[in-house]
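Trainee: I am new to this structure and should be grateful for a close look at a single part of it. Might one chain be described in a connected way?

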Amino acid sequence: MKKELQEIHDRALETLKSVQQVKDLDEIKVKLLGKKGELTAILKGMKDLTNEERPIIGQLANEVRQDIETKIEEAKAKLAAMEMEHRLSKETIDVTMPGKSGPCGHKHPMSIVIDEITDIFIGMGYSVAEGPEIEKDYYNFEALNIPANHPAKDEQDTFYISGDILLRTQTSPVQVRTMEKGDLPIRVICPGTVYRADEVDATHSPIFHQLEGLVVDKGITMGDLKGALAVFAKELFGEDTKVRFRPHHFPFTEPSAEMDVTCFACGGKGCKVCKGEGYIELLGCGMVHPKVLKMSGIDPDVYSGFAFGMGLERVAMQRYGITDLRLLFENDIKFLKQF
Amino acid sequence: MDISMSWLKDYVDVDADIKDYVEDITLSGSKVEGYEEICKDITGVIVGRVLSIDQHPDADKLVITKIDVAREEPLQIVTGATNLFVGAYVPVATDGAHLAGDVKIKKGKLRGVESNGMLCSVEELGFDRHDFPEAPENGIYIFESEQPLGADVREVMDLLDTTVEFEITSNRPDCFSMVGLARETAATYKKDFKFPEVTVREEADGDINEMISVEIKNSHLCPRYVARVVKDVKIAPSPRWMRKRLRSVGIRPINNIVDITNYVMSELGQPMHAFSIDTIDEHKIIVRNANDGETFNTLDGIERKLDSSMLVIADPNKAVAVAGVMGGANSMITGDTATVLFESANFNGPNVRITAKKLGLRTDASSKFEKGLDPNISRIAVDRAVQLVEMLGCGTVVKGAVDCYPNKRETWQLSYDPEWINGLLGTDISEEEMIDIFERIEIKVNKATRTVTIPTFRPDLEAQADLAEEVARFYGYNKIVPTLAAGTPTVGKKTYSQTIADVIKKAMITNGLCEAMNFTFESPKVFEKLNISEDSDLRKVIKISNPLGEDFSVMRTTTLNGMLNSLSTNYNRRNEEAGLFEIGKVYIPKALPLTELPNEPQKLTIGMYGKMDFFGLKGIVEYLFNVLGMSEKVEYSPENNISWMHPGRTASVSINGESFGYFGELHPAVANNYSIGTRVYIAVLDVEAMIDTACMVSVYKALPKFPAVTRDISMVINENVFVKEIENAIKKKGGKLLEAINLFDVYQGSQIEKGFKSVSYSITFRAPDRTLVDDDVNAVMKKILSTLESELGAILRDK
């Protein structure tokens, strides 16, 4: 019996070597180890063995069974791995072929810039205010300390609808409208469309965008103005950005300034983009003129504030390297899809 | 405003490097636009003396010269010049020299004869005969006297200078002058400022009051008029130093008298005018408004039509100048003029500006006057002018001046409070430092009363905030420490409307559309192009009174034109497909002409062509309403009344019976008007209505616990029955168990009778509390089917 068991064992191992498919393995398993299998058949003869032989043969039979089972499982695993490998190699594709894209639209570059700047100021506690584009002379000029016949009125080449109704030349009238509401303190920005009588060319458009900011509270200082705008510039252009403030003149702020930022192209060393200056003009700002506060019903002896405003087309053009402003209004999808 | 750095040194001892100067003066408030170092690039040009002139052997028009340039050997130079003579001192461009216009000189051969450089004209050095009147019209410049041989001509001819261009803001008329910017320079560097010393010898005979009288008829437009008289005038070129200075600040030298007026204008900011006194009838000057329709020939030889808003300088019979703008041909100084009247007047700035604009004649003078000059400079300026006349020896000055100055501009006082100023700036500047700053810009300080006296040339200083700016800019804006405002904390956020607009944008982009931006004013002709009827309200447009042209003359009442132009651009640039959207305003007047501000509602406009059809567009619209949480509230109905849309392929969208927009296919005729040769799909939706209806709050519904049962039905039905009607019938009878209706096929064709269509649905039922059995569903289906048959005449295909 011992010999028979040994023979089954040897034959099983021999057969397993040549097996190619998992289902053949299952057949072998049934044939050798199944209820009607060869091993079972041999073990039926156990009853004829002596008491001394029985445990020895029993143990041997178990060892044979276990070894065959193990070997079958090993062979199975090996075959499965081979089959997987085969399948995977058959399924190889050219991964350099183009992907299938779903619909994907794009924001206008101006919107991207406006949204980004808006988000920065929202993070600093500013709300977003809006106002009409067709505006009263009073809000666009007079309430901003630009009386009739002021040269600034000419400088801005205003489009008029009628005597006292015009297309706003700046987003600043929203400042006045916000202050008139009288909800203090004020921290607002106002992005919007503005109009000036410039002929269309590569760097001019009669319709363009500005973003205005206004803060009014007790004890606001010019240091606060500088602090807020420096944070803004770093957020927009990067941590290494430096700012520079130059005295300037706006009728509605006093003191007034223009803020330059270090040139994004050269980092301040001086290059073509910044005409060698190392700085690029970004925005106008200043402390709200006491007259302007007063006209809007805010007591300049109690409150002070700062305001700032910037043209957004220039920011977008610089950021994206756009050299012709007209591209922004053509809406060619080959252009729009780049952003 | 241009200044000359060499001239500036007359008034302030500035020694900073030009790069530093430009930055320093910019940061103290006078913004430099740029600077130019004149003749910096002219190199290798030295003084030489002609030793010999010999005919070129092979060229009739060339000569061979030997030039002594104080080198071991004289230079041999071949030239075509005809004005040379032996012993002449000339500018010599040596081998490697660099001339104006980026011309480089190299030695070479001319017709076989070696030439080691070039003899120069003033033009080759970048100048002309206005700079050097003694230069020949065509020929080599010849020095009028002996010069050091080999010396750099830039030194010898005094060519070097630096011009700095400033951008002066409108509040600082005083800075439109050399002295104004010198004062700023001195204050910036804490140096002394020297105003020119003005003294006049007055050596001519006569009483000025007998020679000229002045009457101002409109003292509002002419606050001051000063005149002086110069006799024995000899017109000649002015000296080199004056010509150089004028040239450096961008003024072309003409002759001594004209140059003096321009010199004083540049130096003191006061424009002047010089008349020939003999052309003034009765020697009487009248400053008056022009008459409507009065014509006048200005110096430039053009006849100008004047009106009564304009001011003229006149004699009893005729105008002789448009005040502050330009003189007349009739009173012009000529070579024969013996007696000259110098006018130094003050005119109302805005009036000069408007006059110059009306005449289309903006001159150096008008651009100075329009800023609003200090009348107190007029007398000093005219004295300075006649002082220069004496200095240049071009006339003798009659004693005294006629000075009409009805209302003198006086200085004014302001109080200052150092604490308030520091509070505004966020600084800790001492009162002493503030006082020092004030005094440097000629503001007088009374420390005891804390008041300052403002000089009359600084009308911009009206209040304490203005003083704070003066302190800040000389203290240094960049020394103010940046702080983050303490104050009351505020929450930064967008309004609800802005948030919804963002959601709409995002929905559009998710559906593959690109955001467009179009002009908000356009041509009134767009209504024809868009096939908009004559009586449409859309034609009630707000007109711009001073547009850039008809194409930009009305505020849009529809966003379509911009969108279609954009699609047309894409189509004609052969972009296979395009999908655009725009959120933008239209401008709807409440009444015309405008008596109050109009409404500016926002519209969402979608425009597409290419791989697209009606239902593709509808899918986008439905997606939008879905993300806005308003799908359930929106009704779609056919719309055949929009003249620019396809009558059979347009849907109106409404909420509670109120239409808030439409979408569908553009009328092919309109597409054709925009040169788009394919079907165009358009949606226009009112943003306000969507903001009002949107519901952004989601409420969780429990997930189903029991399985659903689905039944498919197919029916043949009259083609005029809308699927919406079928769905309404199914919904009505489906009751609580009905979960979803899904249209999966609509067919018209050979197997279906003409005028009918086959419509197939799969209908899903579910109960929240049990598993449905056939009997439940059969009962409901029976009701549905019989309604479809009885109410809509449907014939069910496979029951």
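Mentor: The account below concerns chain B, from the confidence of the prediction to the side that touches chain A.

The model is predicted, and the predictor assigns the complex an ipTM of 0.85 and a pTM of 0.84. For chain B the mean pLDDT is 94, with 100% of its residues at 70 or more. Among the elements of this chain, strand β27 (residues 514-515) has the highest mean pLDDT, 98, and strand β39 (residues 795-796) the lowest, 90.

Within the chain, the largest nonpolar core comprises 220 residues, and those touching the most other members are B:Val312, B:Ala323, B:Val340, B:Phe342 and B:Ala385. Leaving aside residues up to four places away in sequence, the contacts of B:Val312 include B:Arg288, B:Leu306 and B:Ala323. A second, separate core has 33 residues, among them B:Val90 and B:Leu99.

Strand β37 (residues 738-747) of chain B presents another setting: zero of its ten residues are buried, so the strand lies largely in the open. Eight bridges connect β37(B) with strand β38 (residues 756-765) of chain B, and the two run antiparallel. One bridge partner in β38(B) is B:Ser758, which pairs with B:Tyr747.

There remains the contact between the chains, to which chain B contributes 75 residues and chain A 71 residues. Several elements of chain B each supply at least two residues to this side, including α2 (18-27), α8 (349-359) and β27. The most is given by α13(B), with six residues. By type, the side of chain B that touches chain A divides into 36 nonpolar, 27 polar and twelve charged residues.

Conventions:
Residues are numbered from 1 along each chain as its sequence is written. Chains are lettered from A and ligands numbered from 1 in the order in which they are written. This is a predicted model: local features need pLDDT of at least 70, side-chain atom pairs count only at pLDDT 80 or more; totals for chains, interfaces and linings use all residues. pLDDT is the predictor's confidence in each residue, from 0 to 100. Helices (H or I, at least four residues) and strands (E, at least two) are DSSP runs, numbered from the N terminus. A residue is buried if 20 or more other C-beta atoms lie within 10 Å of its own, exposed if 12 or fewer, and partly exposed in between; C-beta atoms are placed from the backbone. Two strands pair if DSSP finds at least two bridges between them. A nonpolar core is a set of buried Ala, Val, Leu, Ile, Met, Phe, Trp, Tyr and Cys residues joined through C-beta atoms within 7 Å. Two residues are in contact if their C-beta atoms, placed from the backbone, lie within 7 Å. Ala, Val, Leu, Ile, Met, Phe, Trp, Tyr, Cys and Pro count as nonpolar, Asp, Glu, Lys and Arg as charged, and the others, Gly among them, as polar.
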